[in-house]
Structure formats: structure tokens, C-alpha cells
Amino acid sequence: MGLVRAGVSGWTGHPVEIYGKPDFYFRTARLAVFVDGCFWHGCKKCGHVPKTNQAFWAAKIERNQRRHRQVGKALAGQKIKVLRFWEHELEEDLQSCVSLIFK
């Protein structure tokens with residue numbers, strides 16, 4: 001994982017007590033970081049809906065995106081900041097992602 005290789009520390013991975021089980025949770029900063037896979041979460045840049053069973057996959061990706069919005073609202077209500085990165089963002093410009101975490 002890019003954030004681990006970048007030496008980012010002070011986080012808990014997938015904490016079950018935090019709604020949405022973020023990939024990284026920084027307790028002191030009250031910051032939840034999600035890394036969304038481009039295929040599973042519908043990235044407009046590099047995600048796609050498979051040609052086979054299109055209706056199923058389109059609905060699945062839409063549900064994932066709806067869940068993102070729901071999780072973001074719920075965590076904001078708990079005064080937890082949420083950052084979401086696409087997997088390609090970490091691969092292409094890891095330092096920019098890391099700088100947003102420590103902003």
C-alpha cells in the first residue's frame with residue numbers, strides 16, 4: 001500500500017468501531033481515509049462497466065457510490081473528516097495524497 005511505503009504512520013486500519021471501516025483512521029486527527037478501487041467504485045478516469053451482465057455491474061457500482069455518500073454524511077455528523085483517494089491517485093502522485101492527509 002502506497003501510504004505505508006510513504007512512511008505514513010499513526011493510523012489504525014479498518015477499525016470496526018468507525019462507520020464505513022475506513023482503510024486508514026487517524027484517531028488524534030479524527031480523519032478517515034478511504035482508498036477506492038477504480039473498478040469497484042466507478043472511477044470516471046479508468047473504471048468501466050463490464051460488457052457482460054452490464055445491468056448487474058452498473059447497479060453494484062451505483063450502490064457503492066451511494067454508500068460512499070452515506071458514510072461521508074454519517075462521519076461528518078460525528079465530526080470525523082473524510083478523505084477519499086482513487087487507487088490510481090496513489091499510484092500516480094502519492095506525495096500529493098500524503099500532503100492532503102497532513103494538511
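**Asp 36, the largest pocket and the overall fold**

Leaving out residues up to four places away in sequence, Asp 36 touches His 41, His 68, Arg 84, Phe 85, Trp 86 and Glu 87, a contact being defined as heavy atoms within 4.5 Å. The structure is a predicted model, in which local features need pLDDT of at least 70 and side-chain atom pairs count only at pLDDT 80 or more, whereas totals for chains, interfaces and linings use all residues. Residues are numbered from 1 along each chain as its sequence is written, and side-chain values use heavy atoms, with hydrogens and water left out.

Asp 36 is found in strand 2. With a relative accessibility of 5%, Asp 36 counts as buried; the classes are buried under 20% relative accessible area, exposed over 50%, and partly exposed in between (1.4 Å probe, protein chains only). One of the residues in contact with Asp 36 is His 68, which is placed in helix 3. His 68 also counts as buried, at 13% relative accessibility. With residues up to four places away in sequence not counted, His 68 touches Asp 36, His 41 and Arg 84.

Phe 34 likewise has its place in strand 2 and is buried, with a relative accessible area of 6%. Neighbours within four places in sequence aside, the contacts of Phe 34 include Gly 20, Lys 21, Pro 22 and Asp 23. Val 71, Leu 75, Val 82, Leu 83, Arg 84 and Phe 85 are also in contact with Phe 34. The C-alpha atoms of Phe 34 and Gly 20 are separated by 9.1 Å, the two residues being 14 apart along the chain.

These residues recur in the description of the largest pocket, whose lining consists of His 14, Gly 20, Lys 21, Asp 23, Phe 34, Val 35, Asp 36, His 41, Arg 67, His 68, Val 71 and Arg 84. Strand 2 (31–36) and helix 3 (54–77) are the elements that give two or more residues to this lining. The space in the largest pocket amounts to about 160 Å³. On a 1 Å grid over the protein atoms alone, a pocket is an open set of points where a 1.4 Å probe fits, with protein on both sides within 12 Å along at least five of seven lines; lining residues have an atom within 4 Å of a point. Grid points are joined across faces, edges and corners, and the volume is the space filled by probe spheres set on the points.

At the level of the whole protein chain, 5 helices and 3 strands are present, where helices (H or I, at least four residues) and strands (E, at least two) are DSSP runs numbered from the N terminus. The order of the elements from the N terminus is α-β-β-α-α-β-α-α. The C-alpha trace spans about 45 × 30 × 20 Å along its principal axes. Of the 103 residues, 35% count as buried. Among contacts between residues at least 6 apart in sequence, 49% join residues at least 24 apart. The accessible surface comes to about 6,600 Å², with 55% belonging to carbon and sulfur atoms; areas come from the Shrake-Rupley method with a 1.4 Å probe. The chain carries 17 positive and 9 negative side chains, the centres of the two sets lying 8 Å apart. Lys and Arg count as positive and Asp and Glu as negative, without His and the chain ends; each charge is placed at NZ of Lys, CZ of Arg, CG of Asp or CD of Glu.

Backbone geometry is considered next. Most residues other than glycine have a negative phi. Arg 30, by contrast, has a positive phi near 55° and is found in the loop between strand 1 (24–26) and strand 2. Its relative accessible area of 36% makes Arg 30 partly exposed. Asn 53 has a positive phi near 60° and lies in the loop between helix 2 (38–41) and helix 3. Asn 53 is partly exposed, at 47% relative accessibility.

Two further residues were placed by their C-alpha separations. Ala 74, in helix 3, is partly exposed at 28% relative accessibility. The C-alpha atoms of Ala 74 and Leu 90 are separated by 25 Å, with their positions 16 residues apart along the chain. Lys 103 belongs to the segment after helix 5 (94–101) and counts as exposed, at 78% relative accessibility. Lys 103 and Arg 69, 34 residues apart along the chain, have C-alpha atoms separated by 22 Å.
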